[in-house]
Amino acid sequence: MESSTIIITGTDTGVGKTVVAAAIVGATGGVYWKPIQAGPERDTEVVQRLTGLPDAHFLPEAYALPAPLCPSVAARRAGACIALPLLPPRRETPLIIEGAGGVFVPINGAQTMADLFAALAAPVVLVARTALGTINHTLLSLEALAARRIPVLGVVFAGEDNPETIAEIERFGRVPTLGCLPHLDPLTPGALRSSGARTLAPVLEMLRTG
Ligand SMILES: Nc1ncnc2c1ncn2[C@@H]1O[C@H](COP(=O)(O)OP(=O)(O)OP(=O)(O)O)[C@@H](O)[C@H]1O
Ligand SMILES: [Mg+2]
């Protein structure tokens, strides 16, 4: 897949993947794809609201499951079975693909999000919190990705800047930091646009240069 395709994953659900994805899609004028949506609050709609981009910038979900649960369980409840590979219906770039939950979230009876990422053959950006507890979650996620030879571009932090924590993750995880998006209150399209352009410059630059 093209080098300007990235997968946004996270150390957990609710960590800020969608908001980071919206900042990146908005700043690059890229295309957003959430292949597996579990739950009625669709991330695609959130990204559309936060970017104000037209429908052409959004690919339809491959699976849109009603239950806000892990994808394997949500699929089972819907009488569906998620099957790999899942490939984007169009290949315009930059293409920003958002996972569901974290790396080891099951998607069917035998596979996890990591298998989806490997089949997509695109590099990953890991979104992590800056609050206490993040070092363990982030290093475990990085190790799981490395064990499956899934390339990691770096970590984007969400929350208050925490230089000592970030330094530990860079040292032990041997990964670069690609930005630190602060908590925005209120979270508006304008606030995200201006903060994202400033705080996510490394990842935006990476996508611009392909
Ligand atoms: N930088 C931010 N400023 C303000 N609010 C934020 C920010 N990042 C995330 N949030 C809020 O935190 C909540 C969770 O964020 P988000 O939906 O981006 O997480 P996620 O990792 O995409 O979750 P999921 O696993 O469900 O896809 C949302 O209500 C979102 O609006
Ligand atoms: Mg999300």
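In the predicted model, Ser-195 counts as buried, because its relative accessibility of 3% falls under the 20% limit. This serine is found in helix 7, which spans residues 189-199, and, when residues up to four places away in sequence are not counted, Ser-195 touches Leu-181, Pro-182, Leu-184 and Leu-200. Leu-200 is also included in a core of 27 residues, separate from the largest one, to which Leu-53, Val-125 and Val-156 belong as well.

The largest nonpolar core has 28 residues, and those with the most contacts inside it are Ile-36, Ile-82, Met-113, Leu-116 and Phe-117. Two or more residues are given to this core by each of strand 2 (31-33), strand 4 (63-65), helix 3 (71-77), strand 5 (95-102), helix 4 (113-120) and helix 5 (134-147), and the greatest contribution, of 5 residues, comes from helix 4. In soluble globular proteins, nonpolar side chains tend to be buried together. With neighbours up to four places away in sequence left out, Ile-36 touches Tyr-63, Leu-65, Pro-71, Ile-82, Leu-86, Ala-100, Ile-107, Met-113 and Leu-116.

Leu-116 itself lies in helix 4 and counts as buried, since its relative accessibility is 0%. Beyond the residues up to four places away in sequence, the contacts of Leu-116 are with Pro-35, Ile-36, Leu-84, Leu-86 and Ile-107. The C-alpha atom of Leu-116 is separated by 9.2 Å from that of Leu-87, a residue 29 positions apart from it along the chain.

A further buried residue is Ile-8, for which the relative accessibility is 0% and which is found in strand 1, residues 5-10. Leaving aside neighbours within four places in sequence, Ile-8 is in contact with Lys-17, Ala-21, Ile-24, Ile-96, Ile-97, Glu-98, Gly-99, Val-125 and Val-127. Between the C-alpha atoms of Ile-8 and Gly-196, which are 188 residues apart along the chain, the separation is 15 Å.

The largest pocket holds about 430 Å³ of space, and of the 21 residues that line it, Thr-13, Gly-14, Thr-18, Lys-34 and Asp-43 are the closest to its centre. Helix 1 (17-28), strand 3 (36-38), helix 2 (43-51) and strand 5 are the elements that give two or more residues to this lining, which by class is made up of 10 nonpolar, 6 polar and 5 charged residues. In the second largest pocket, the space amounts to about 210 Å³, and the lining consists of Gly-14, Val-15, Gly-16, Val-19, Val-20, Ala-158, Gly-159, Leu-181, Pro-182, His-183, Leu-184 and Leu-187. By class, this second lining has 8 nonpolar and 4 polar residues but no charged ones. Gly-14 is among the residues closest to the centre of the largest pocket and also lines the second largest, while Leu-181, Pro-182 and Leu-184, which belong to the lining of the second largest pocket, are touched by Ser-195.

The structure holds 0 disulfides. The sulfur of Cys-70 is 12 Å from the closest cysteine sulfur, that of Cys-81, and is therefore too far away for a bond, which would require a separation within 2.5 Å. Cys-81 is likewise in no disulfide, the nearest cysteine sulfur being that of Cys-70. With regard to solvent accessibility, Cys-70 is partly exposed, with a relative accessible area of 28%, whereas Cys-81 counts as exposed because its relative accessibility is 56%.

Several backbone features were also identified. Most residues other than glycine have a negative phi, and most peptide bonds are trans. A cis peptide bond joins Leu-84 and Pro-85, with omega about 0°, and the bond from Thr-93 to Pro-94 is also cis, with omega near -5°. Pro-85 lies in the loop between helix 3 and strand 5, and the place of Pro-94 is likewise in the loop between helix 3 and strand 5. A positive phi, near 55°, is found at Ala-121, a residue of the loop between helix 4 and strand 6 (124-129). Phi is also positive at Arg-149, where it is near 55°; this arginine lies in the loop between helix 5 and strand 7 (152-158), and Arg-149 is classed as exposed because its relative accessible area is 75%.

Terms used. Residues numbered from 1 in each chain as written. Chains lettered and ligands numbered in written order. Predicted model: local features only at pLDDT ≥ 70, side-chain atom pairs only at ≥ 80, totals over all residues. Heavy atoms only, no water. Core = buried A, V, L, I, M, F, W, Y, C linked by side-chain atoms within 4.5 Å. Buried < 20%, exposed > 50% of the residue type's maximum accessible area, 1.4 Å probe, protein only. Helix = DSSP H or I, 4+ residues; strand = E, 2+ residues; numbered from the N terminus. Contact = heavy atoms within 4.5 Å. 1 Å grid on protein atoms, 1.4 Å probe; cavity = no way out; pocket = protein on both sides within 12 Å on 5 of 7 lines; lining within 4 Å. Points joined across faces, edges and corners; volume = space filled by probe spheres on them. Nonpolar A, V, L, I, M, F, W, Y, C, P; charged D, E, K, R; others polar.
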